[in-house]
Amino acid sequence: MNISQKHILFFISAVVACLLIPAVLSAQEAGKAVAILPFHLNAPPDKEYLTEGLRDMLGSRLRTEVGARIVPRGEVQSAMQVSGGQPVSGNMTAIAEKAAADYLIYGTITALGGGISIDAKVFTADTRQGGDTQDFYASAITSDQVMSAIDTLSWDIIEKLFGKKRPASMLPAAPQASVPAEKSSFTTAHPDKTFMSSGGGFALRSGRNFVKTRNFNMDLRGFDIGDVDGDDQAEIIVADRSEVKVFKRDGTRLNLFATIKMLVRYPVHAVNTADLNGDGRAEIYVSAADARGPGSRAVEWDGTSFVDLFSEARWYVRPMEVPGTGLVLAGQAAGQVA
């Protein structure tokens, strides 16, 4: 055998080895035990079929696509008794051990207007990952989209946990350019009136289609919308006590774009957006204060990150329209009348 032939054989062996690695990893994930716990239902009792349908479809997809072993419901229910029959974050490891499960899937289903939203959590029992929990979300604007939403949720979990790519038919549609004349499915004219006229609760009895985002575990202090990066699409800005999060909207999903950390000593109490300098990118104005006085802040996107326009300002601030003047930044010093 000459040197060239040796090189060719080595190259072929290396390629085959590389091709086998994903197969070995997939084989390791295949056969993992998954326990799907009952989802909490925010809806009238007659919608209980939603929880059973979700567990059936999710289990079927995981079993078919990645060979997961779905823990029987009786065993799941027995295992949940360690936490009083309800999934409790501090008892996830005990439930997983009792059910002999590698993963626990649980969460909430919320019926609102004519559709639903699904907030799912997947707990990984592997102690090497420290009992990691990941969040997943799907929504259906109308009742006839529910099955599609569950299918999307299933593939999100499969891709993240098992590394198998979804088929092309399940890929999200390419975003379409917005048409100003058409109302987005994300909005409803006079949502407050429509919501209250439907009973103001979680139900499918309303003919109007509300849209709910995924759940947020935060101490909400304020929110606003504005085009902060100049892409002609409004971002969602949400503030809690110590940070401001900026989300981009993909249909009914909110994807985190950036997080703005605030000084811990100044709890946030309001957030607003406005393009006061006219550069096509809305600034974010955060009104914050401690027991001694305000320490407000303003930031702007510079193309790669948010940079300060001012910080620890001794004023409560808020952009607002003034008749005859236009958009201004109003401020009030602590202990004074504006």
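These are my notebook entries on a few strands and one surface patch in a predicted model.

**Ground rules.** I count residues from 1 along each chain as its sequence is written, and side-chain values use heavy atoms, with hydrogens and water left out. Because the model is predicted, local features need pLDDT of at least 70 and side-chain atom pairs count only at pLDDT 80 or more, while totals for chains, interfaces and linings use all residues.

**Entry one: an open sheet.** I looked up a sheet of four strands (a strand is a DSSP run of E, at least two residues, numbered from the N terminus). Its order is E7-E8-E9-E10, with antiparallel pairing. Which strands stand at the edges? They are E7 (222-226) and E10 (253-261); each has a single partner strand, so one side of each lacks a neighbour in the sheet. Neighbouring strands here are turned by 25° against each other on average, direction ignored (the axes are lines fitted to C-alpha atoms, and angles run from 0 to 180 degrees between N-to-C directions).

I then followed E7 to E8 (residues 235-239): they pair over five bridges (pairing takes at least two bridges found by DSSP). Gly222 stands opposite Ala239 in E8.

**Entry two: a hairpin.** Strands E16 (residues 315-322) and E17 (residues 326-333) pair in the antiparallel sense over eight bridges. I found Met320 opposite Val328 in E17. Three residues lie between the strands, and Gly324 takes a positive phi near 85° in this hairpin.

**Entry three: back to E17.** Leu327 lies in this strand. Is Leu327 buried, partly exposed or exposed? Leu327 counts as partly exposed because its relative accessibility is 38% (buried means under 20%, exposed over 50%, partly exposed in between, with a 1.4 Å probe and protein chains only).
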